[in-house]
Amino acid sequence: MPAGANPQVTHVRIPHPGSRMAASASPDHASALPPSRHLRLARLLARAGLVLGAGWLAACSSVSPQHASSSTASRNGQPAIVAESDAVRELDAAQLAQGDDAGTEVVVSNDLWGRIRAGFAMPELDSPLVARHEQYYLSRPEYLQRMFGRGSRYLHHIVEEVERRGMPTELALLPFVESAMNPTAMSSAKAAGLWQFIPSTGRQYNLNQNWWVDNRRDVEASTRAALDYLQTVYEMNGDDWFLALASYNWGEGAVRRAVKANERAGRPADYAHLRMPAETRNYVPKLLAIKHIVQNASRLGLALPELPDQPYFVTVEKTRPIDLKLAAQFAGMTEAEFLELNPAHNRPVISATRTNTLKIPVDRIERFKAAMAAHAAQGKPFVTWHPYTMQRGENLAGVAGRAGLSVPELLRANGIAPGTHLLAGSRLLVPQSHAGDDSLVEQFNGPRLYQQVDAGPLVHRVRRGETGASIARRYGLTLAELRSMNRRITRLRPGQTLVVRRTQRQTVLVAEDGSRQVISRQSTQPTVVAHALASSSTVTARSAGTAAAASRTTAGTASARSSGIRLVTYGHAGRTTAHTARAETSASRVARQITTRSSRHGSTHHVLPSGSRRAGTAVATGTTARRAAASHTASRTSTRKATARTSTQVAAGRKRPSSVTSRVKSRASTRVAASGSAGRTARKATTSKRASRATRTSSLRQAGKVASAR
């Protein structure tokens, strides 16, 4: 280069030999592309940031200066970033103007955004939705910056794969639409990863999904599967990228049916004219909106994050399992940062047989290898999490506490739902202080759980032609059992809902593959429990024994309350033994009348003290108690009416007052005593017909006191 001459500097990105851009170059410039071996060398030099001389580049290529156009790359002597298709023309013009040995200096661009722009090849879509989505994104610059910032880790790998297949680089922006470039994103339809594969499509494209890993979230595996899928639907839709994208979002079968429907109706069968869901209708416009923002970021006043055109991570193969926390420590990263590059791993241990690769940042790979070697040289274990079986008498809190974890942390590490009650025999991954056998980790396919669950009632909807007997046989019940669970239903009609299994507490075995098997069942249907007070028939004089009986009564009351049963106590009207005030109070609590009411069935059970000679407990149902109360009320009313009638007759002089009064009172006394159902009092009232007038009056007075106590 002559002294004092101003060199012409042009930033040029050398195209990938398999890119669509290189394949679609015009015939006039096809000969200007250097051989593939020179392209590979130029790319390596570009990543290193080296400067190539124009004379060397011209000697290595078959460029002949035959284009006589003015150079646009020497604007005031400043470097110019030009598009890929213009780069060769600018280089040819510079060589023509200054000769083969001119001082033109070519700097290969190291900007990934420029590389993406150079590969844009999709046509424009005439739709107002494109501008609408452009406005939406531009009105949220923070969202764009977060999205582009996440893409800095994965975008170079995606662009490499897209160009290697000769596909337009707009497809490298598709994860921005699918998941906002978030590899851990999960949709309501259970689609996961950068490319949002649903489980079935993921399995179809060999994306493993098990307890250890979900390769739908793996950057390399999911990118490979997504581009395979896009190539398939592209060829299926007659090399139409818009229809291919619609198939990727909506399904190839749905797009094919929509195309055929338009063809039958004589309408255009392209993307713009198909009838499709709103999500698919907006799918391509969103992608083109992001394309326009990337293409015109400077003009729109948007500062894109700097993305060098070089790999962000490298893939390391491993042959043994390793704790995720330890791997992050070797790479000098936090666990969260490590998982951003390795989001496919579900567990705190990275299994070697499920996935044998790790992704490490390029600038940390040497540190990672050195730390691995030093750890192995010291003989330290690479895995601290090992399978553990819970023993009888252990609970989850104790196991987690010994491992230095909380119960939610241990459940989350094993993929178990919060609040799960585990029983003895459950097998989990638990961190342990001693070194274990790594092969046990590789053989562990997931937790094996024995858990206790409350299963809700099972119901059956009656269909036409069904009978109670047929429904009972279907569920292994007797007709009486079916009726007892559905007391309110007296006649079956189609559409009715029958309970065929009450709420149960079940012991369930959850196997490694997620299958469930019921081991045992225990009904949790509330039942009325009769608390037999064996010691209440005879009240002893010892206060210690009385206090013990009182404590048993209190415990029985608390148990009944916990099972949904209310215990209502009333004062005791019987006799008590003359002891100290404290002993007398305790004895009265034990011997008092207890009424147990079930809030569910509405029945009332009376436990009466056995103060008579016959030991035992008299139990009357709620119906009997209500009838007795009604009878007692009716007797009192009848007595009052009879007394009034007798007074009238005496006043008229038709009856003798004494005889009438005695007969009426005797009859009323008999009714009241019988209705009270109070044992000894009732027997006395029954035999009072043959007693004297004074005895009958005393019996009537005593029966009234019992009724008042009730």
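This report describes selected local features of a predicted model, taking salt bridges, one helix, two loop residues and several individual sites in turn.

## Salt bridges

Side chains of opposite charge can pair when their charged atoms come close. In this model the count comes to 19 salt bridges. The table lists examples with the separation of the closest N and O atoms.

| Salt bridge | Closest N and O atoms |
|---|---|
| Arg115 and Glu163 | 2.7 Å |
| Arg216 and Asp214 | 2.9 Å |
| Glu512 and Arg448 | 3.8 Å |

The salt bridge between Arg115 and Glu163 has its closest N and O atoms 2.7 Å apart. This pair links distant parts of the chain, with Arg115 in helix H6 (residues 112-118), Glu163 in helix H9 (residues 155-164), and the two positions 48 residues apart in sequence. Both Arg115 and Glu163 are buried. The two residues also belong to a network of salt bridges that links Arg115, Glu160, Glu163 and Asp309.

Arg216 pairs with Asp214, and here too both partners, Arg216 and Asp214, are buried.

The salt bridge of Glu512 with Arg448 has a closest N and O separation of 3.8 Å. The pair connects distant parts of the chain, 64 residues apart: Glu512 is in the loop between strand E14 (504-510) and strand E15 (516-523), and Arg448 is in the loop between H22 and strand E11 (449-455). Glu512 has a relative accessibility of 34% and therefore counts as partly exposed. Arg448, with a relative accessible area of 30%, is likewise partly exposed.

## A patch of positive charge

Arg256, Arg257, Lys260 and Arg264 gather on the surface in a patch of positive charge. Of these residues, Arg257 is found in helix H14 (residues 252-265). Its relative accessibility is 58%, so Arg257 counts as exposed.

## Helix H13

Helix H13 (residues 241-250) is largely enclosed by the rest of the structure, because eight of its 10 residues are buried. The buried residues are Trp241, Phe242, Leu243, Ala244, Leu245, Ala246, Ser247 and Tyr248. At the start of H13, the backbone nitrogen of Phe242 is approached to within 3.0 Å by a side-chain oxygen of Asp240. After H13 comes Gly251, which has a positive phi near 110°.

## Positive phi in the loop between H10 and H11

Most residues other than glycine have a negative phi. Ala180 departs from that pattern, with a positive phi near 55°. Ala180 is found in the loop between helix H10 (174-179) and helix H11 (199-204). Its relative accessibility is 12%, so Ala180 counts as buried.

Met181 also has a positive phi, of about 55°, although it is not a glycine. This residue lies in the loop between H10 and H11. At 0% relative accessibility, Met181 counts as buried because the value is under the 20% limit.

## Strand E10 and the loop that follows

Leu429 lies in strand E10. With a relative accessible area of 1%, Leu429 is buried. Leu429 and Pro387 are 42 residues apart in sequence, yet their C-alpha atoms are 4.5 Å apart in space.

His434 has its place in the loop between strand E10 (427-431) and helix H22 (438-443). A relative accessible area of 48% makes His434 partly exposed, since exposure requires a value over 50%. Its side chain makes a polar contact of 3.0 Å with the side chain of Gln432. His434 is also separated from His386 by 48 residues in sequence, with a C-alpha to C-alpha distance of 9.8 Å.

## Gln506 in strand E14

Gln506 has its place in strand E14. With a relative accessible area of 6%, Gln506 is buried. The side chain of Gln506 is joined to that of Gln504 by a polar contact of 3.3 Å.

Conventions
Residues numbered from 1 in each chain as written. Predicted model: local features only at pLDDT ≥ 70, side-chain atom pairs only at ≥ 80, totals over all residues. Heavy atoms only, no water. Helix = DSSP H or I, 4+ residues; strand = E, 2+ residues; numbered from the N terminus. Buried < 20%, exposed > 50% of the residue type's maximum accessible area, 1.4 Å probe, protein only. Polar contact = N/O pair within 3.5 Å; in protein donor to acceptor, adjacent residues only side chain to side chain. Patch = residues over 30% accessible without salt bridge, like charges linked within 9 Å, V, L, I, M, F, W, Y side chains within 5 Å. Areas by Shrake-Rupley, 256 points an atom, 1.4 Å probe, with all protein chains shown as cover. Salt bridge = Lys/Arg side-chain N within 4 Å of Asp/Glu carboxyl O. Lys, Arg positive; Asp, Glu negative; His and termini not counted. Charge placed at Lys NZ, Arg CZ, Asp CG, Glu CD.
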